[in-house]
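Colleague: I'm new to this one. Can you walk me through it?
Modeller: Sure, let's look at it together.

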Amino acid sequence: MTAPATDRSYKFDPVSLQILWSRIVALVDESAATLVRTSFSTLVRESNDFSCVITDARGYSLAQSTASIPSFIGTLPATVKLLLQQYPVESLRPGDLLITNDMHIGTGHLPDVNIVRPVFKNGRLVAMAASVAHAPDIGGKLRAPDPREVFEEGLQIPPMKLADQGRLNEQLLMIVRANVRVPDQVVGDLMAQMAATEMAERRLLELMDETGLEDLIDLADTIQGYSETAMRNAIRELPDGEYDSELATDGLAEPITVKCKITVTGDEMLVDYTGSSPQVDRALNVVPHYGYAYTVYGVKCALAPSVPNNEGCFRPVRFYAPEGSILNPRPPAAGGARVLVGHYLTFAVMGALAEAMPDRVLAASGAPVWAFNVLGVNRNGARFANCFFFNGGLGARPNDDGIHTLAFPGNTGNTPIELMESWAPILIEKKEIRRDSGGPGKFRGGCGQTVVIRNMGSLPLTMSFLAERTKTAAPGIFGGMAGGLGSVKSNGEEINSKETRLMMPGERIELSTPGGGGYGDPRVRDRAAVARDVEYDRVSPQQAREAYGPEQAANDKP
């Protein structure tokens, strides 16, 4: 999963390098803004479920758009490299576009569509402009944990050309339209991705013309080299040795176990998931690209959060998961709900590193992200399919409380009520922060939220959920207490959140997302902070008495 370290010869003075780096980040952010402005779906425009990346001609990442989903900086460059293996440089021409949603080449599930544009200067390949975005629909069953094989999950697009020297592959677009429920939205988002990569190409070539760069190799080696050196220095500060953690997800009938062993040797790190559960015959499996992405994200957050995101950051970190395990499934395993396991890997990494660096990790969050997937007929009689996101609470931090309803380790946004109600024949009867759901501690975990959704239509809706921590709460750390469990209820009765079901007219669904774990002994929490929590209705007087106790005093010792 890693490339060899580059031969770093720094050919740019610090001022020029900073200007070039800032310009590249800015052009990728402009690419992302183009995608958001031109997209058709709430998944891109409101929930932030996309990424734009520039790589050099080798597929090594240079910059990622600032607001991107964290996992995509790990998956998208890997996708570019694999596409370059299937479409070597000599086979590419200006105006080409490559596309795939293959789960083992891409992000691990079919709704994420990758589009890659080769960038040429004076007839020579100099970069790759890439985008990945979560499509509003990809056919097959509604996105849910219950499919048994990838064939149930929708249309699979093998690596192929979406455009050949500027000529769109209209036959592929016809196939896409024939296999999805909302073809205008899906194809519209594909066009938005194309526009985003075209904007990145245009701005990059303008920058290269302005600065006299004929290719990006020396600049890429320099930028990636600095990031690699910074990451290696951060790893070197850890004592050599092994660091272990183990956690359990809700799973299916039985929990899924994730075992993590981190071996630090000098300035390199191996993260080994041997001993984790075997793959399952449901859509919870995690492909190595996605597992690697959320592993290195956890390492980077703990060790070097301010280092720019590019290929260099990740070269010192290796990933291993045995074939046939939940983190390296054999085809045709399903993976549409891989987030319900994959997001735990960041916490597994932080749990392993906690004793070695207690001031650099946070308690577990009320994550993975929750989603309400729904399809049916809208108020205008047209078919619709969409996915709405709701976040739990952030885990408490070493120096502050967790933030309410904030996604981590993903960064998908909570879908606005107005948009949900405009897309689907539903009414949001309640949306409020859950009192007492944040884990008590010296620093309190962030609270989750409660959302009540009613079917206002005359027809049933098909619905499914991405929901976790309904059985195993987000644990606290260093004496902090666990966050509150999540739940999914229909008309007041708890239901199985892992099954697709019908939502009947008038039926009410109540989603209660979990809270984050606390950090440190609750008994030393500042009295004023507890009083403020009670005043703002984040903590009940009863929990304040039971968790924090009368002996609590203003004391900042952990």
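**Rings, cores and hollows**

Modeller: Let's start with the aromatic rings. Y290, Y294, Y297, F347 and F408 form a cluster, linked by ring pairs. Keep in mind that this is a predicted model.

Colleague: How many aromatic pairs are there?
Modeller: The count comes to eight aromatic pairs.

Colleague: Take Y292 and F319. Why is that pair edge-to-face?
Modeller: The ring centres of Y292 and F319 are 6.4 Å apart and the planes stand at 85°, so the pair counts as edge-to-face. The cut-off for that class is over 60 degrees.

Colleague: And where do Y292 and F319 sit in the chain?
Modeller: Y292 is in helix α7, and F319 is in strand β11, residues 317–320. They are 27 residues apart, so to speak of the pair is to speak of a link between distant parts of the chain.Colleague: Are Y292 and F319 buried or exposed?
Modeller: Both Y292 and F319 are buried.

Colleague: Switching to the nonpolar core. How many residues does the largest one have?
Modeller: The largest nonpolar core has 111 residues. I262, M269, Y273 and L303 have the most contacts inside it. Helix α10, residues 344–353, gives the largest share of this core, with eight residues.

Colleague: What is I262 in contact with?
Modeller: Leave aside the neighbours within four places in sequence. Then I262 is in contact with G241, E242 and Y243. I262 also contacts M269, L270 and V271, and then V349, A352 and L353.

Colleague: What other core is there?
Modeller: Another core, of 32 residues, lies apart from the largest one. Among its residues are F12, W21, I54 and A129. As a general point, nonpolar side chains tend to be buried together in soluble globular proteins.

Colleague: Now the empty space. What is the volume of the largest pocket?
Modeller: The largest pocket has a volume of about 440 Å³. It is lined by 22 residues. Closest to its centre are Q64, Y297, K300, P305 and N309.

Colleague: Which elements give two or more residues to that pocket's lining?
Modeller: They are α1 (14–38), β2 (61–64), α3 (72–86) and α7 (288–303). The largest share of the pocket lining comes from α7, with five residues.

Colleague: How do the residues of the pocket lining divide?
Modeller: The lining of the largest pocket has 14 nonpolar residues, seven polar and one charged. Y297 ties two topics together: Y297 is one of the residues closest to the pocket centre, and Y297 belongs to the ring cluster.

Colleague: What about cavities? How many of 30 Å³ or more does the structure hold?
Modeller: The structure holds four cavities of 30 Å³ or more. The largest cavity holds about 200 Å³ of space. Of its 21 lining residues, P111, P136, D137, L142 and R143 are the closest to its centre.

Colleague: Which elements give two or more residues to the lining there?
Modeller: For the largest cavity, those are β12 (370–377) and β13 (383–390). β13 gives the most, with three residues. By class, this lining has eleven nonpolar, five polar and five charged residues.

Colleague: And the second largest cavity?
Modeller: About 140 Å³ of space lies in the second largest cavity. It has 19 lining residues, and D49, Y290, R338, V339 and T412 are the closest to its centre. The lining holds eight nonpolar, seven polar and four charged residues.

Colleague: On to the backbone. Where are the cis peptide bonds?
Modeller: One cis bond runs from A367 to P368, with omega near 15°. P368 is in the loop between α10 and β12. F408 and P409 are also joined by a cis peptide bond, with omega about 10°. P409 is in the loop between β13 and α11 (417–423). F408 came up before, in the ring cluster.

Colleague: What is the phi of N48?
Modeller: N48 is not a glycine, but its phi is positive, about 70°. N48 lies in the loop between α2 (42–45) and β1 (50–56).

Colleague: Why does N48 count as buried?
Modeller: The relative accessibility of N48 is 15%, so N48 counts as buried. The limit for buried is under 20%.

Colleague: And Q165?
Modeller: Q165 has a positive phi too, near 50°. Q165 is in the loop between β6 (160–164) and β7 (167–168). With a relative accessible area of 45%, Q165 is partly exposed.

Definitions and conventions: Residues are numbered from 1 along each chain as its sequence is written. This is a predicted model: local features need pLDDT of at least 70, side-chain atom pairs count only at pLDDT 80 or more; totals for chains, interfaces and linings use all residues. Side-chain values use heavy atoms; hydrogens and water are left out. On a 1 Å grid over the protein atoms alone, a cavity is a set of points where a 1.4 Å probe fits but cannot get out, and a pocket is an open set with protein on both sides within 12 Å along at least five of seven lines; lining residues have an atom within 4 Å of a point. Grid points are joined across faces, edges and corners, and a volume is the space filled by probe spheres set on the points. Helices (H or I, at least four residues) and strands (E, at least two) are DSSP runs, numbered from the N terminus. Ala, Val, Leu, Ile, Met, Phe, Trp, Tyr, Cys and Pro count as nonpolar, Asp, Glu, Lys and Arg as charged, and the others, Gly among them, as polar. A nonpolar core is a set of buried Ala, Val, Leu, Ile, Met, Phe, Trp, Tyr and Cys residues joined through side-chain atoms within 4.5 Å. Buried means under 20% relative accessible area, exposed over 50%, partly exposed in between (1.4 Å probe, protein chains only). Contact means heavy atoms within 4.5 Å. Rings of Phe, Tyr and Trp (its six-membered ring) pair if their centres lie within 6.5 Å; planes under 30 degrees apart count as stacked, over 60 as edge-to-face and the rest as tilted.
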